[in-house]
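Open the model in your viewer and get your selection tool ready. We will take a short walk through it, one stop at a time.

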Amino acid sequence: MGKPTGFLEIERHDRSYRPVEERLKHWQEFIEPLSDSEVSEQGARCMDCGIPYCHQGCPVNNIIPEWNDYAYRNKWREGLDLLHSTNNFPEFTGRVCPAPCEASCTLNLQDTPVTIKTIECSLVDKGWAKGWIKPQIAAHHTDKRVAVVGSGPAGLACAQQLARAGHRVVVFEKNERIGGLLRFGIPDFKMEKHLIDRRIAQMQAEGVEFRPNSHVGVNVDAADLVKDFDAVALCGGSEHPRDLPVPGRELPGVHYAMEFLTQQNRRVAGSNTPQASEIMATGKHVVVIGGGDTGSDCVGTSNRHGAASVTQLELMPQPPEKENKALSWPNWPLKLRTSSSHQEGCVRDFAVATKSFTAGPDGRVAELNGIRLEWKPSESGGMEMVEVAGSEVTLKADLVLLAMGFVHPVHNGMLESLGLDLDPRGNVQADTDKYATSQPKVFAAGDMRRGQSLVVWAIREGRQCARSIDEFLMGTTDLPR
Amino acid sequence: MSQTSRRNGYGLPVEQGMYDPLNEHDACGFGFIADIHNKPRHEIVHQALEIVHHLDHRGAIGADPLAGDGAGILIQIPDAFMRKVFAKQGIEVPAKGDYAIGMVFLPRDHKLRDLAIKAVEKTTAEEGQVLLGWRDVPTDNSVLGESVKPNEPVIKQVLIKRGPNTPDRAAFERKLYVIRKQAHHALWDKDEGSWQDFYFPSMSSATIVYKGMVLAPNLAKYYVDFQDPDFATAIALFHQRFSTNTFPSWRLAQPFRFLCHNGEINTLRGNVNWMNARRHNMSSKILGDDLDKLWPLIGDGSSDSSTFDNALELLVMGGYSLSHAMMLMIPEAWKDNPQMDPKRRAFYEYYSAMMEPWDGPAAMAFTDGKQIAATLDRNGLRPARYIVTDDGLVVMASEVGVLPIPEEKIVQKWRLQPGKMLVVDLEEHRIISDEEVKNELASEYPYQDWLDATQIHLADLPPEIGPMTPDAKTLLDQQQAFGYNREDLKFFLEPMAEEGQDPIGSMGRDFPLAALSDKSRMLYDYFFQNFAQVTNPPIDPIREELVMSLVSFIGPRPDLLDLGSGGKHKRLEVDQPILSNTDLERIRRIENHVDGEFRTYTLDICYQNTGPNRQTMAQAVDRICQKAEKVVREQGYNIIILSDRCMDADNIAVPALLATGAVHHHLIRQGLRTEVGLVVETGEARRVHDFCLLAGYGAEAMNPYLAFDTISNIVAEKGEGLSEAKAHSYYIKAVGKGMLKVMSKMGISTYQSYCGAQIFDAVGLSSDLIDAYFTGTATKVEGSGINEIAEETERRHSLAFGDGPLYRGDLDVGGDLAFRVRGEEHVWTPETIGTLQHAVRSANYKQFKAYTAKINDQTAKLKNLRGLFDLKPVGKPVPLDEVEPASEIVKRFATGAMSFGSISWEAHTTLAIAMNRIGGRSNTGEGGEDESRYKPLPNGDSMKSRIKQVASGRFGVTTEYLVNADDLQIKMAQGAKPGEGGQLPGHKVDEWIARVRHSTPGVGLISPPPHHDIYSIEDLAQLIHDLKNVNPKARVSVKLVSEVGVGTVAAGVSKAYADHVTISGHDGGTGASPLTSILNAGGPWELGLAEAHQTLVMNALRGRISVQVDGGIRTGRDVVIGALLGADEFGFATSALIAEGCIMMRKCHLNTCPVGVATQDPELRKRFTGEPEHIVNFFTFMAEEVREIMAELGFRTINEMIGRREALDVRPAVDHWKAHGVDVTRLLAPVKPAEGVNIYNCESQDHGLEKALDHQLIKDAKDAIEGGTPVSLEYPIININRTVGAMMSGEIALRHGHAGLPDDTIHVKFTGNAGQSFGAWLSKGVSFELSGDANDYVGKGLSGGRIAVYPSPKSPIVPEQNIIVGNTVLYGAISGECYFRGLAGERFAVRNSGATAVVEGCGDHGCEYMTGGTVVVLGETGRNFAAGMSGGIAYILDEAGDFASLCNQGMVELEPIDAAEADDGTEDVASDPMRFDARRLKGLIENHHRYTGSSRAKQILDNWDAYLPKFVKIVPVDYRRALRDMQERAASETAALAGE
């Protein structure tokens, strides 16, 4: 397996980015892939651990040591098959996953984890390039019909698994195109959309029917769905954004991040937004509130628009540059993460609370007023924030993007009309064993069930939910969890 | 009427709880005394008893001081005496030879006794003999122990006269045999207890046995007859038993009717089965119809020795002579022995097809009254020394010096050698040599001709063609249906096919037992290999290959009692039992060859579970058995191939193991088994363990076609390297090697006796299943029945042929050997390890509780047996602050035995420092300890390990090491690899490790599988005594591994005076071990601990020994359950390592541990981050959790909690599809301690140290020990003075360390026969001189002292032709010198690390495993010299020129001695072992002459130039290379220095 001493002999070497000045000029991906021989060599670094922590770290439980070994031995196709056995869409995760697997890689104890994500991406990109990836059409079909609501990663994974088990699957998508946040949330420079299109083509061949512009609970009756189908999988995501109720929130120029990002994705795809409602950062002082991945995407997009300045604010204090491995590994560590978008130009400020927005002469937002925070241990054992007296700050802000995450799924419409129980956080109540909601025949998976999370978690839930549905429909199931 | 099904105790307690009387073991002191002139005299009886008295230390005393384990004596019938005593009753005794005396033990109950007496009278009459009368044997039971008295039988003698129709004495003996058997049978169907008390110690016209549950010295008092001067005999066979139990069993006292036995028959279960299997094809011209009256043949005792006696008796009655029968049952190692006479080899080969060896360590003494003889098994693992006097007395015993005979009368001193026989013929009045006896028997018939006519070798049959490998899709389906997973390919088949070795892994197993697993497991996974511990030694199948054999015979076995005809049956022989596809076709088509003698039937073992022909698996198995019976009984087939080749989408294969066991046992029950050969053609078997099981349950040969196909596919895919044929042959080789290792673990040398021997425990199988198909196998916790097995099989099958996406193109992940999410469950997961490490590093108890919650949570997935327990309070909860503090509880904690070498210095010392801080104990492991660790560190910490391990390699076990211990742990077995030795490869032996282990850097080190000074329980007692002498303050501990029967071993260990015993679970870890062992040997600790505790309590031995449990203890709950099942102390290895940073990489064996724990790589060691605080936190948290649970349960102290099974409740696994049948209630069986018997350790052992001669020595040498004033002393010595010198050396080492005193400061001269372990661990500065001779283990662990032994000046013997010291001399010697004027026994200088020795000849296996030092042999050596010798040098005087054939040249080279080498006297000869040979050798011979006065030495020195060319030098290849490397390094360093 791999090379027992590979990790001692071979340095970690990962994909690189095209230069900033070049990549800011376009919306395409800018990662430089490794050559086959480089990938193979990196695969040799895998230690084939007795306990592969990566494999637990990975939400879809990719059987990482095995395909690292396949890469090392240049058995690309075997590696790809194995990868596909746990992950329907490695080309998505190979691009946008934050790679918890690498955080939990044993070599991360030395900050030199195996380049797992790169190897994953290489395997699947090669598979597409070589034409190895074909539809897997079920030999036998059942007479069961399943509706999948939502076409993000959870819905797609769920639909693909069910179709491969021989069920008739219909995917309902409220937007005009399939893909959910994959298509509309993630900027093209991080993942180009043709990657989704070819998966849709594959799934159509496998028998999945896609119905865009079908907003269940709005223009499609939810109860009808339950009536017409043998099972319904709700994979509608967690789309209710967290708001910032401070004075000035209503000012023009203060937007949710997702309004900004979806517009841009449509723009790149060729469908332009009416000029009046366009949100552009060009020449503006942009403040992004929220330090997560969405915030980071806003930074990258703003810079590509040609913003005058970009500032990203975070409520929490600045995390350490380097985590304390002794207390964090193999878990996902809290540490300062600098994305490719940050590298493209951005000021990051931490422990700042936004108190209000002030309008400029044009009535649009012009300034952000904030105050610095100090975080102290609270009586309840947690941390609490205290405003530091006299530390008020004011920032120029022509465009403010709220990227503070999502609270829970949208309750209006479908969820309310189906009368589903919710968990205390407002997500659809269902466990991770059966994924069954409080209503018969109705299942839920992905962010709609677990709250906002990663693409890779969505894929996991979609797959597992499909298994549960298959078992529900047929009594037994061959689908893997 | 089956006796075995009753599982009663034959005087032992019946099976209860975890205790099973079948597991009892024994060992002993034994021997005989005989007057060659055959003059009966009263004195011989008393001499025999005196000898037994001198072997007292080889017997044992249990809780009751008067109750020994039994002693006895077998003598000629004292004719005059009998005449006299019967005359008093008015009965006239017929002429000598025309009458027999039956010695009878009768029930105490009147009614039963009358029944028994009537039975004897009735059958005597029926058989046409004349019963003349009965005599009450007078006894004095005041010498009986209280525990024995209730069982004392009524003892009578019956006088029987030869009947008128009985032509001769031989016929008379046969009739007596029939009478005895028949009489016995008459009571079998009566009341349960009755027949057990009815027993014939003997019934013969020649001999009589007096035996009983008395201490040997009391035998003469108990049997009043002994005091009569007419009570006379010319021979006496005697025996003192040391059994593992303390239950009084009169019938198990020895001798039996023909023999007494020191040793153990490992293959007993198989031998008994095979005997029963012969019923149908056995007939005897001599016994005629009487043969039928004898069944069952085996069975009036439960011990291996009594069973052996039963079988021997049948052969003798069937017409074999005693020595002939003995050669047949305990054959020498004949295969591949170039030195053996071809006729004798033919003899053995001929009989090997008739009967499988009764394999196991055995020294047997036997007699029929006309001859008295003794023999040793092929391994020669029991001591047997004898002397011959000038007036014709022969005394043979386990030790020399047991009878005070003046030296001037002794004309010969010799020993029994491995496989050899000593016969004293009382009619010819002479000793018949082994050579003569065997040549005569071997020439009696034309065995070679018979062989040529009947023996067919498979390889000689015409070639056939085997089927080709199927396409990839079919192959995958087959693999899946037979349960292959990715790990089978990755960890087993591929490496086996590429390297020809059974693959190696590391760490332990932490996944569920098969019955508890949620996965569909193979039937093989339910079985665990048994292994030898304490009561018999494992073998080293590599270094002692000469005794091993994989030869198998396929097909019908010849009639055992068909004497002298050469037999009609053809016999088919294979070199080893794994058949290639073409070999199998040869067997399938054999009918066309060999005159149609063989007919092969291929029996399909597949079935359908749907459709018109649907069957359940149980029905299918039944059909298969019926079919097998039919084709043998009615259709004349004599080879059956059980085949699953027909497995396909519709046909499900019955697990091959199930089919094999079922058919094998069915045919045994039908008495047909020996009429047919059983071959298994299966896609299922692939790992070594699988083949072992098939063999163990009766397969004579196996064809794993799917394994071959899989390998072919691997080879084809790789497209480079190995050819297909080569890969197959490597695989076969790997399986063979692996099987040899598994066999040798149990001390079994031949495949023939392993076949059908069932050396396994089942864990998690129902009794119904076992009784039906694996009859006689132990299964203690019930579990899966055939329906569950069917379910598992059918699940696999439908997965394989179904359309599940995961299995469409790939195998299951497996996940046993490395964690996988969709694989098997593990206890250690990323989550549990991460949580534990974060908890101990941040001193966060809450997080620790989160860790234990995760480990303990077995609600969804069962992981181990203790998961089936619930804790329940025994009283009101106790406030936490009233519970014993954590600081006290942690003192019961110890870390596991991991050597410096297997883990890094950092990892090792961190554990030691932490344990010393909390008052717990850390363990050195096997590898010595750097003496710098004995001094405290400046901050008060100490790196000293309180537990010092003494393992078979004895690396670094110096006197200084021993005296620096609080516990001395004798490692009998290790959880991950019980019954195996180990090997530290040369590249891991750096300078530091070499220094600590007293070896050479760069030279690999081998730990032998057995301790060469522990082949039996009495040997263990001796080693305990040795260690206790060196360091009287230390507790001596014995580490055992859980298996069925470990309880009785623990009882024996307690009787051997161990202060402490460890019961390890099979999930314990290892730095490197064959995967076969890690996964498949030993049992869970819950079983072993419960059995040990229950057995110790039943024996009233519990209080005097501390019981520790280890092997997968991870949480406070585990600790509490351990205590409740009976543990005083707790060991932690893997969990403690994890606390200091181990992340279970399972790479220990590769030296690539990325966290610096199990590696010696300096770069990787830097990555170690563990701190003593982490370990301290771990154990403190553990103790806190224990306290919390104790408070809930209502216990204030651990002592209160030990053995309190009522605090455990059983939680049935009702909703588990497989585990619902598992039942752990037996672990909780109530064992009521007798009044006043303690159930936790609170007493201490009486080691009898006050008797040691060393007290006198220490007193007399006080000034020398303390002040270095030289002293010279003299003492007489006899064999009961054991371990002389060790205690004094301990005193010296305490004061002066390993450096000791200046040379010859204390000089002691002894005169007489020294007991065992003379001069053990003798320190530097002490010189011992012995005029006389010595027993085994002279100079064991020698740490710098000097020993010289020479014969008494009064002795007329020729020293160089007689034995002077026993076996296993200089075992583990570190340094010092020895000179022996005479010959040494077997294994001279075994594992010598640095001592110098001169001897005038030695037995087999000389210099085995030697790693350093110099040995000179001025005479002949035995076979297998220098096996496993990796260091040091030896010089042999090879006058006969045949040494090369006696030397095992696997690791050494022979070379002449360079006489011409310059001798300018400027350089020290010690500086370079590769040079100055002539000078060195001469110097040593001069020393030899100086210290012993050897005339041999003088002769050589006087003719130096003539003798020098006859010397051969033995140099290990690696040693030479390592020395050269060191020299080169030194030279380049010097050069570099000069250059600066």
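The tour goes from the interface to the inside of the protein. Keep in mind that this is a predicted model.

**Stop 1: where the chains meet**

Colour chain A and chain B differently, then select the residues of each that touch the other. You should pick up 41 residues from chain A and 40 residues from chain B. The size of an interface is often given as the accessible area lost when the parts come together. Here the area buried between chain B and chain A is about 3200 Å², with carbon and sulfur atoms giving 58% of it. Now show B:Arg820, B:Arg822 and B:His838 as sticks: on the chain B side, these lose the most area to chain A, together 19% of what that side buries.

**Stop 2: charges and polar contacts across the interface**

Next, select A:Glu66 and B:Arg486. They form a salt bridge, and their closest N and O atoms are 3.8 Å apart. How many salt bridges are there between chain B and chain A? The count is 6. The interface also holds 14 residue pairs in polar contact.

Which helix gives the most to the side of chain B that touches chain A? Select α25 of chain B, which supplies 7 residues. Helices α14 (486-499), α19 (705-718), α24 (805-808) and α25 (830-841) of chain B each bring at least two residues to that side. If you colour this side by class, you will find 17 nonpolar, 7 polar and 16 charged residues.

**Stop 3: a buried aspartate**

Go to the loop between α24 and α25 of chain B and click on B:Asp816. Is B:Asp816 buried or exposed? Its relative accessible area is 6%, under the 20% cut-off, so B:Asp816 counts as buried. Add the side chain of B:Arg521, which a polar contact of 2.7 Å joins to that of B:Asp816. Among the other residues that B:Asp816 touches are B:Glu487, B:Phe511, B:Glu824 and B:His826.

**Stop 4: the nonpolar cores**

Finally, hide the surface and look inside. The largest nonpolar core has 304 residues, and B:Phe527, B:Phe893 and B:Leu1040 have the most contacts inside it. Helix α38 (residues 1172-1193) of chain B gives the most to this core, with 12 residues. Zoom in on B:Phe893 and show what it touches, including B:Met915, B:Val1119, B:Phe1130, B:Phe1132 and B:Phe1179.

For your last selection, try B:Ile33, B:Leu328, B:Ala362 and B:Met421, which are among the members of a second, separate core of 108 residues.

Methods
Residues numbered from 1 in each chain as written. Chains lettered and ligands numbered in written order. Predicted model: local features only at pLDDT ≥ 70, side-chain atom pairs only at ≥ 80, totals over all residues. Heavy atoms only, no water. Contact = heavy atoms within 4.5 Å. Buried area = accessible area lost by both parts, 1.4 Å probe. Salt bridge = Lys/Arg side-chain N within 4 Å of Asp/Glu carboxyl O. Polar contact = N/O pair within 3.5 Å; in protein donor to acceptor, adjacent residues only side chain to side chain. Helix = DSSP H or I, 4+ residues; strand = E, 2+ residues; numbered from the N terminus. Nonpolar A, V, L, I, M, F, W, Y, C, P; charged D, E, K, R; others polar. Core = buried A, V, L, I, M, F, W, Y, C linked by side-chain atoms within 4.5 Å. Buried < 20%, exposed > 50% of the residue type's maximum accessible area, 1.4 Å probe, protein only. Lists of a residue's contacts leave out its neighbours within four places in sequence.
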